Structures are given as C-alpha cells and as structure tokens.
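Here is a brief report on strand pairing, helix packing and backbone geometry. Please look over the sequence and model first.

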2 protein chains.
Amino acid sequence: MNYTHNFNPTISDEEMFNEIKKESGNIGYYNLVHQDINPFKEYAKSVKQTNIVVIGIGGSTLGTYAIYKFLKHSKKLDKKLYFLESTDPIELKSKISAIDLENSLFIVISKSGTTLETISIFKYINSLIKCDKNNTLVITEYNSKLSIYAKTNNIKTFEIPKNVGGRFSVFSVVGLVPLAIVGIDIDEIIKGIKDIYDEFFTKQKVYIKLLKKARFFAEYKNNFNINVVFSYSSRLDGFNKWYIQLWGESLGKVDINSTRQGLTPIGIIGPIDQHSFLQLIVEGKRDKTVTVIKVDDFDSELKIPNDKLDGLEEFDYLQNITFASLINKQADATIESINNLDDLPCDVITIAGVNEQSIAGLMYEYELLTSIVAKFLYINAYDQPGVEAGKIILKEKLKN
Amino acid sequence: MNYTHNFNPTISDEEMFNEIKKESGNIGYYNLVHQDINPFKEYAKSVKQTNIVVIGIGGSTLGTYAIYKFLKHSKKLDKKLYFLESTDPIELKSKISAIDLENSLFIVISKSGTTLETISIFKYINSLIKCDKNNTLVITEYNSKLSIYAKTNNIKTFEIPKNVGGRFSVFSVVGLVPLAIVGIDIDEIIKGIKDIYDEFFTKQKVYIKLLKKARFFAEYKNNFNINVVFSYSSRLDGFNKWYIQLWGESLGKVDINSTRQGLTPIGIIGPIDQHSFLQLIVEGKRDKTVTVIKVDDFDSELKIPNDKLDGLEEFDYLQNITFASLINKQADATIESINNLDDLPCDVITIAGVNEQSIAGLMYEYELLTSIVAKFLYINAYDQPGVEAGKIILKEKLKN
C-alpha cells in the first residue's frame, strides 16, 4: 500500500489472527486444502464426452470460469468447457446451438438445489436431449431437491459441503471437478492454495500483507468506498468477475450495530481500460483504492516485428519488443503514474505465471482477504440475506 | 427516479438547454444525425471479405462492439466482426489463430493515429499477412501519422471529424462503417438517434427526463458517487462496457474550481449478477443509484418445457413460461425489491426490441445525459488529460 495511515486499531493483529483461526474450524472453505481430491480425479478420467457443459450461476460457475479463462489458451486441454447461466433467450439459444449436445456431459450445479435459473435451463436442455446417468452429473448439497432428482434417476452426484458457501466454493468439488475433467491439473491448484494457507497460518509474509491490507480497507472504508482491481491480462477478466461477486456479496452487509457496510468492487482490464477508466482514477474523486495485478512471466515470445512502415517511423522504437514486455511496461507506467499522485492508495500483486498454482494462489489470497475485512467490519461474510426478498417477489410474479 | 429530492438548482432547465444547444454547434457528436452515410454504405457493399477485423482500442471499438454484440444473434449477418484490442500476448495469438486472415478486411482505427497498442497489433498482423489497399481500411483523423501511412500506400481512408471525441464516435464512421459492412442497417441506427435528437431539441419527453436525471446525479454526487447500470440482457454487456468508458472518462475530471469530480460507472448483467452484486446494492452502503435496463420484446419463443422431473416438482410452476418472460420478470422483481427499500434511487429504461433503432437510441440518450451531467458539474466532458502522464512514462520505459 502506497499510502500513509495512522489510526487506532480496535482489534490487534493477534486478536484478528485468533478470530480467523477460530472461524476456520467452522467455515468450510479454509479446510479445502486438506480435502481428498482423488475421487474427483478418478471421475474426471472416466468422462468420455468432449464438451463439458456447466449449468449453474454465480458461485457455481464464476470461479471455475476464472481459472479456465486464465489457463485455457496456454494449456493443451482435451475438452472444452461451456457455461450456461443466463436466461437471456437469444444468448441461451445461440450458446446451445454451438454445442454438440450428443457429445456433451451436463454438470448441473446448485448448492441449494433450488436455483430457478439453473433448473429452468436444465429443463430446457433436457427437452433437447434426454439427460440421464450417461450424460449428466449433479453437484449439490446433501439432501437438496436436486440431489433427490439425481438419486431417483441414478445420476452421479457430488456433494458440496454444507459449510462451504457458493462464492467460496471454487476449490471444492464445484470448481475442481469440471476443471479436472477438461484437463486442468487440480493437484497444482491445491498446491497453490496450500502454499498460501500455510504461509498465512504460520504468520509468514502473506499473513502480514493481508492483515495490513484488510485493516487499511476497513479503516478507510468511508474515504475509499470503491476498490478497483486493475488486471494486466485480458484473460484475468474471469477473475475480475469472480472478485466482484466475492467482494460485493460478502462485504455488502448490515453490521452488528445495524449500520450499512459495503465496499464496492470494480474489475478492469489493462491495457484496454487504460483507455477508459484510468482517467476517472487519476483525475476523479479520491474515492478509490487500486490494486494492480501483473503476470510476471507470460511464457510468450510474440513480438512486435521490426518492419518499418512509411509514415509510422515514429513507432520504430517498438520493434522487437515482445507483447509480454509491452503489457508489463504498460502496467508499470500505470503504477508509476498513480504513485506519482501521492494521494491514491495503490498496491501491486505480481503472480508468477500462467499456471494453476498462480491463479489458485491469487484467488485463495482474495478469499482470505475478504474474510479478514469482514471481521474488521463486524459483518458476516458468508450469508446473503439481501437477495432473498427479490427471490420471493419473483416467485410470486411467476406463479401468477 | 424513485427518490424525493429538494434542492436549489443553480442552473435552470432553460439555461441548461441553451448551454447544450450552444455546445452542439462545436461538439461534433450531436450533429452526426445529419451526416451523409451514403459513402459508408457504398464502401460496405464493395467489401468482398467475410471476416472484418477491427484493430483499435477504447473509443475506436467499444461502441461498435456494443451494437454488434446486442444484435448479432438476432440478425442474419453476412460477415463476422472481430476486435483486436488487447496486447495480452496469449489472448492476441489465440484470437488471431481463429481468423482466416486471407479472407479478412483489416480496419485500423485510431483517432490520433498514434495509439501505441493499435500500431503494435497492426504491425504484427502485417508481418503475418501483407496489409495493403486490397485488404486494409484506415479510419483516422485528417493528417494523422496513420493517414500519411495510408496515403503513401494507397490505402482507402475514412476521416473521423476532428470535433468528434473517441468515446462519442460510435455513430460516426468509426462505428457505422464496420457495422454496415457486416450487414447491420445503419439507416435504422441513424433513425434511432435522430428520434432522440429531435425529441431532445424540441423539448419533448426525452429532454425532460434527461434533465431531471442529470440534475439528480449532479446534485447527489456526494451521496451517490456510484451509478450502477443493471442490464437485463446478457447481450447488453458490450453496452455496459461502452457506458463505463463514456461515463468514467467524461465525468472523472477536475472542475473549474479545481475540485475533483467523478461519478463511478458500474455495469452489471441481470439475471447473472442478481446472484452476486445485488446483495451489495440492497444491504450495502447507500452510495449507489441504479438504472435498470429492460428489453420489452425479445422476439423469442424459447420456453421452459412442461416436462415433470421427479424430485423437482416444486418447479412445475415454471412450465411453459418463455425465457423472455422469465428474464423480464426477474428484472421486475429486482426493481420492486429495490423500490421497496425507499432510500435507493432507481429508474428504469425499457427499450423496445432487439433492433438497431433501440440500441442506437439508448446509446445516444446516454451520450446526451453525459453531456448534461458534465455541464452541471462544471467540467469538460470531451477531454482526458488524466491519461497523458501514463502515456509519457510508458514511452520512456519502452524507449529505454
């Protein structure tokens, strides 16, 4: 954090650490580092279909998509992953028409087993091609309606642990099974999150960094109510979306004093949004923090060629620069120009490369950060009472 | 606007109207309703290639993408439009590998003619396939470096009017030429914006609505520094991105009293983000306005089938509901649950259908709204001084 702050902490680092340690006994996502992933890998091996179609929404898909989007172009994957989440009829039809349904495995994911969009889309798919034990997998909570449907029809089911919330579920069966099926190395994913877990719970560097950062966000929540993540790789746009849900839905709450809390997440992509959002960051109201995410090694030799073009000689200095170097220098220029402002809090996260460990570690760090900020704000990170009212209204509208 | 406000306006509606009228003499985008689009249509007819590859970034692509994304699945389009904008090497390579370059027209768009990303990507493309007058079109400002390059190589060039800024340029040659080439009816686009223009400048309904809304945003800028657009169609995500640039880059400025101004745009997609961002809106800090965008007629009969599934009987009430009706009821439920809160400003825009006129009208309304809000905030909507510093730093980094 490039920002000086002085305040009187009401919770010491030690107290916070103990709080989180205590919480990690009940809240399931912490302990996913210890889960047995062999059943997931075995199941993945047994899948014959080439197209893996995930039917789910929000926490059931965003994390999986984040990892898949980041890695899919860099790895030789055996299978293709699709996500059906929107009820927009035109999008839905066009997405489905691009998939060979005969050669597809449908993975229906809903923690509660009662997600209206998911059931609606699944019913529609089932009217196009019979969904049964040969082409369907269900991932849901123990004893949900969806699990009863699966049991009745002998459809293979994986259970989501009760104490793992949707938006914290990417490293559970929810994310790991689809990712393993398409050929992403889930051992490496677990390694990535275990490194962070170990560092955190033995109070190493990650612990110190996250505590400091969370304290800053919480302390300055009224000065900086917007937290921008500026990712310098367009394949981190899935991560951005996942971050937006994690941060928004976990931290937008009423606290123990009945006061509204809420830090607003924004995810943008450098270098594209350098040409749009950066103006607002630099000259606009000082209501934002910025976290720049860089990828250290893109493992790409793609270069700007050294051809000279008549009239464009001014750009000859670009010749032979790799695009990897260009994008990272764009990130550095953004960081420098923000830091030159002196009054805009900015920190930088550099992940090592385009691989499982890097993206998983980044995401797990963000989960931990979210949990700590929530504790500082005296709110419950793991519920979402604010969306229930809308669901009830919708049900009434649909029934009439 | 579902919010009661009482304040003492410093600029009357009449004064504002006269300001905008005066401005429309100098600022080019207002008058695009009167431009001659026949040369664009003629050129479009002459294009033989099937793949239309736009190389550009920010204002050179976002508006075009917004319209294309909204319409492409609903119209029978002759050609396919691609956008190369990111310098992310892995994304760039994978995007290019999916395009048949031999059957492509490359449209290089940069207003200044010196956009580093655009030139870099163009140079790279030119090393893969010779770009010349047979497969290249340049769209740029009069006498820019890029126009000199084009002239030297006899490459067809369209000029962007000097007084039309990048983020306000979608209805100029920048957007209309690529869209006309792929088969989108640009006469209908012009009709869509002309309707709004006429209504506005004859002080009809649109004028009254926009003035009221702009006044609200400006007056309550410190209470509600975040303006959420909640679009109920996943094909409006291009629109959301365009809105974010338009709003952020136009309104994030230092005003005439050297005070930082800035309204932060957020674009989310219903029903997907009902499962993430809505919690923050409903229970979080009251720092947001919400504008819900609905599509009245999706022109789609896609239905939830009336099959009964064992275990899922609870959902039988969904049977025979069209997805179009479902998504619109989801929107209505969100609107109702927000309005029930009583302290969260929310307005609704309903566009008629999935067609050129609807999307163009919506976008033109947002351009007008942006101009008016800027005037209320005493800032210049049309410059972007805040990004220049970063560009200079980047150039230095690349030269060394």
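Which residue in strand 4 of chain B does Ile107(B) stand opposite? Ile107(B) faces Leu137(B) there.

This is a predicted model: local features need pLDDT of at least 70, side-chain atom pairs count only at pLDDT 80 or more, and totals for chains, interfaces and linings use all residues. Residues are numbered from 1 along each chain as its sequence is written, while chains are lettered from A and ligands numbered from 1 in the order in which they are written.

**Strand 3 of chain B**

Strand 3 of chain B covers residues 104-110, and 6 of its 7 residues are buried, so the rest of the structure largely encloses it. Buried means 20 or more other C-beta atoms within 10 Å of the residue's own; exposed means 12 or fewer, and partly exposed lies in between, with C-beta atoms placed from the backbone. Helices (H or I, at least four residues) and strands (E, at least two) are DSSP runs, numbered from the N terminus.

Strand 3 of chain B has a parallel pairing with strand 1 (residues 51-55) of chain B, over 5 bridges. Pairing requires at least two DSSP bridges between two strands. Within this strand, Leu105(B) is the bridge partner of Ile52(B). Strand 4 (residues 136-141) of chain B also runs parallel to strand 3 of chain B, joined by 5 bridges.

**The sheet of chain A**

Chain A has an open sheet of 5 strands in the order 2-1-3-4-5, with parallel pairing. Strand 2 (80-84) and strand 5 (157-160) of chain A are at the edges with a single partner strand each, so one side of each lacks a neighbour in the sheet. In chain A, 5 bridges join strand 3 (residues 104-110) to strand 4 (residues 136-141). Ile109(A) stands opposite Ile139(A) in strand 4 of chain A.

**Backbone geometry**

Two residues other than glycine with positive phi are tabulated here.

| Residue | Phi | Loop | Other C-beta atoms within 10 Å |
|---|---|---|---|
| Ser258(A) | near 60° | between helix 10 (237-251) and strand 7 of chain A | 6, exposed |
| Asp299(B) | about 55° | between strand 8 (288-297) and helix 12 (323-339) of chain B | 12, exposed |

Cis peptide bonds come next. One joins Gly270(A) and Pro271(A), with omega about 0°. Pro271(A) sits in the loop between strand 7 (264-269) and helix 11 (277-283) of chain A. In chain B, the bond from Gly270(B) to Pro271(B) is cis, with omega near 0°.
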